[in-house]
Amino acid sequence: MLVIKDLYAKVEGKDILKGINLTVNAGEVHAIMGPNGSGKSTLANVLAGNTNFEVTHGTITFNGKNIFDMSPDVRAKEGLFLSFQYPVEIPGVSMVNFLKTAVNEHRKYRNEKELSAGDFLKLMREKKAMVQIDSQLTNRSVNEGFSGGEKKKNEIFQMAMLEPKLAILDETDSGLDIDALRIVSNGVNMLKSPYNATILVTHYQRLLDYIVPDFVHVLYEGRIVKSAGKELAFELEEKGYDWIKKEQE
Amino acid sequence: MAEVLEKITAVKRISEIYDTNLATIGEGLPGWVNQTRQPALQAFQRMGIPGFRTENYKYTDLTRLFDNENFRRSFKPDDFEVNLNEVFSCDVPEFDTHLILVVNGWYDEAGNRNTSFPEGVIVKSLRKAMVENTELIEKYYGKLAQSKEDPLTAMNTLFAQDGVFIYIPDNTHLAKPLQLINILRSEDDLYVTQRNLVIAGKNSQARIMFCDHTLMPQQYINNNLTEIEIGEDAVIDLYSIQNQHNKTASLSGLYIRQAGGSQLVTNAITLHGGIIRNNLRVLLDGEHASAKICGLALSDKNQHVDNYTNIEHIRPNCQSDQLYKNILDDSSTGGFTGRIHVLPHAVKTAAYQRNNNVLLTNAAKMNTKPQLVIDNDDVKCSHGATVGRINDEALFYLQARGINEKEARLMLMFAFAHEVLAEIKIEKLRDVIDKLVNKRLRGEVSKCHSCAMDCIR
């Protein structure tokens, strides 16, 4: 589904990613872990097409297509979803209008008929119940005045609405209390299927108690320095990142 | 030196136009009206055409406009063969108004023949009212708008012949809004003067819309002045929709006095126009009066939109709240000057002001200036101005959900604009204007050959 080859990227002139290789197949859950500043969020943003991040080398294909040929909205419509680490507040844009536009843009892209207002509201009710988001939140402007936890739940709700093939969750667990973490994780687990894949970008092992990964990768100084099964996460939890740093030196 | 010479020339030329047409201009009007002209002429000659050197007009230089014009003056109403009511059906379904037509500054007697108003309410030609309702008019005419204080007021008073007079008796609540439609229509370039007077009695309630339109592609200068007296505890909403083509200069003045306990809302929506200058002066002249003053301007190409507000807190316990927003595209320019003057006795004043602007290009330019003069200690005042661009982070967020860049930008611009539109209290009108602004942002309202309110069909 996703194939990243020898990826280099810069932010504000500084090299952050220095040769990433990663393959993600349908049905898989990958966790990307690593200390602060290792390039985890950069990778997530490069995948989504944030132009603040400059790719200097390498290729990324998504379902066989070169994603560098696609603008962020086309990537989304091809089935790529980024759950933002810091979802932005957009006063004046209502959740309903925003989601209706997004859902219908996806449908148009797939040559499907746009949803009627009634069908859209029905879909929204279903998905809200599924991810247990407070129904009042969708009456407001996008993320405006939402608490940290509400913002993250809102990301998962949007994911449920858009049903992506590949979801990249960028530090979705940060700033969540245990209850919110459970709700967010349940949402992710419910959306999981043999046809889609998930990349969890996380600093802590905590999230992996709720969402069990098939693969764990450790990102350090812009490269994946270790890949293994879920047991690697427990090892990291126990020993921290220092032993990996030492191994690299 | 050349500039100074030209300036003298424009003032001289306009003075000559007045001298030559003096008899026509004053014909059929009472002496006390015509007696206001000579002082206006002197004031105009003293102040000249406002330009960069005129402090209150530093963002809008009108000297070039007046140096280059030699437009026909509409000293008499034009006869039109076409029935304007047919050309111009503004009856948006579910949005029912009392329609008042004004053509080239003249109250359209034929067009307004069939309009009826609730008992006691007077809506008529101002010149007719000057003769028939002398007592009412003489008391208020030219009192709020003083020729000696403003060159555009002086010019308006100099040439004023007609416009609309509206009188709402005490305790009268108008259920339907009054919709005053100003149409500019001429086969040659035209200079139009319009003068309106509105008197809202004690505890009256009314909503008045001013819609400015151009029906033909000629160049126009429209000098429009409205004085409004708002009685105690009256609730008055004023909405203006400026939708004229880009060869129009709209120079308008709105002068309002509020008595105690009255509530005012003004909302000026500028969709199109060449040079637009809106002067607004509100006197909070009675305790517990409140004014909510809003404006939204969308400009592109070489348009220029300048809002100048002057809020005078004269009595204690009054509140004013201003919100002005501009979205500027291409090489358009904009200005906002918000003057708040709190007088020594006006204790417990609350006066707020905000001006937010979005520039869509590097060539667009916005000047914004708050001007607070506060002469006592017991006040709450705030002001804030921002000039910025579309938020890139928000744009990326929308795109990352599958919304293309163009659509995402539109959503953000519309969200920005909507804060002003949300202040429109008539729900149906708000919906209509919402749609209109949305269309304007999409570039779909480009011509104004029909009423803006008609565009939603």
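**View 1. Strand β16 of chain B pairs with β18 of chain B in this predicted model.** β16(B) and β18(B) run parallel to each other and are joined over ten bridges, and within this pairing Q319(B) stands opposite A350(B) in β18(B). On the side of β14(B), β16(B) again pairs in the parallel sense over ten bridges, with L298(B) opposite I327(B) in β16(B). β16(B) is mostly covered, since seven of its ten residues are buried.

**View 2. An open sheet of ten strands in chain B.** The strands follow the order β3-β2-β6-β8-β10-β12-β14-β16-β18-β20 (chain B), and the pairing is mixed. The edges are occupied by β3 (106-107) and β20 (379-388) of chain B, and because each of these has a single partner strand, one side of each is left without a neighbour in the sheet. The partner of β20(B) shown here is strand β18 (residues 349-359) of chain B, with which β20(B) pairs in the parallel sense over ten bridges; Y352(B) stands opposite S382(B) in β20(B). Strands of a sheet pair through backbone hydrogen bonds, either parallel or antiparallel.

**View 3. Helix α10 of chain B lies across strands of chain B.** This helix, residues 405-421, lies across β12 (263-272), β14 (290-299), β16 (319-328) and β18 of chain B, and runs at about 155° to β16(B). In the largest nonpolar core, which has 188 residues, α10(B) gives the most, with ten residues. The members of this core that touch the most other members are I168(A) and V102(B). Leaving aside residues up to four places away in sequence, I168(A) touches A44(A), L47(A), F81(A), L82(A), S83(A), I199(A) and V201(A). In soluble globular proteins, nonpolar side chains tend to be buried together.

**View 4. Helix α9 of chain B packs against elements of chain A and chain B.** Six of the eight residues of α9 (residues 392-399) of chain B are buried, so this helix is largely enclosed by the rest of the structure. The buried residues are A394(B), L395(B), F396(B), Y397(B), L398(B) and Q399(B), and they pack against α2 and β7 of chain A together with α10 of chain B.

**View 5. The contact between chain A and chain B.** Here 20 residues of chain A are in contact with 17 residues of chain B. On the side of chain A that touches chain B, the elements giving two or more residues are α2 (72-77), β7 (90-94), α3 and α5 of chain A. By class, that side of chain A has eleven nonpolar, six polar and three charged residues.

**View 6. Helices α3 and α5 of chain A cross.** The axes of α3 (residues 95-109) of chain A and α5 (residues 148-162) of chain A come within 10 Å and cross at roughly 35°, and the crossing is right-handed. From α3(A), the contact is made by L99(A), A102(A), V103(A) and H106(A), and from α5(A) by Q158(A), M161(A) and L162(A). Five of these contact residues are nonpolar and two are polar, while none is charged. An α-helix has 3.6 residues a turn, so residues three or four places apart point the same way.

**View 7. An open sheet of four strands in chain A carries helix α1.** The strands have the order β2-β1-β4-β5 (chain A), with antiparallel pairing. The edge strands, β2 (14-24) and β5 (65-66) of chain A, each pair on one side only. Strand β1 (residues 2-11) of chain A and β2(A) pair in the antiparallel sense over eight bridges, and K18(A) in β2(A) is the bridge partner of Y8(A). Helix α1 (residues 40-48) of chain A packs on this sheet, touching β1, β2 and β4 (53-62) of chain A, and its direction makes about 65° with that of β4(A).

**View 8. The surroundings of F215(A) in strand β11 of chain A.** F215(A) lies in β11 (residues 215-220) of chain A and counts as partly exposed, because 18 C-beta neighbours are found inside 10 Å, whereas a buried residue would need 20 or more. If residues up to four places away in sequence are not counted, F215(A) touches E28(A), H30(A), S227(A) and G229(A). A129(A) is 86 residues away from F215(A) along the chain, and the C-alpha atoms of the two are separated by 30 Å.

How values were computed. Residues numbered from 1 in each chain as written. Chains lettered and ligands numbered in written order. Predicted model: local features only at pLDDT ≥ 70, side-chain atom pairs only at ≥ 80, totals over all residues. Axes fitted to C-alpha atoms, helices over the stretch in contact; angles between N-to-C directions. Left-handed = near helix turned anticlockwise from the far one by under 90°. Contact = placed C-beta atoms within 7 Å. Nonpolar A, V, L, I, M, F, W, Y, C, P; charged D, E, K, R; others polar. Pairing = 2+ DSSP bridges. Buried ≥ 20, exposed ≤ 12 C-beta atoms within 10 Å, placed from the backbone. Core = buried A, V, L, I, M, F, W, Y, C linked by C-beta atoms within 7 Å.
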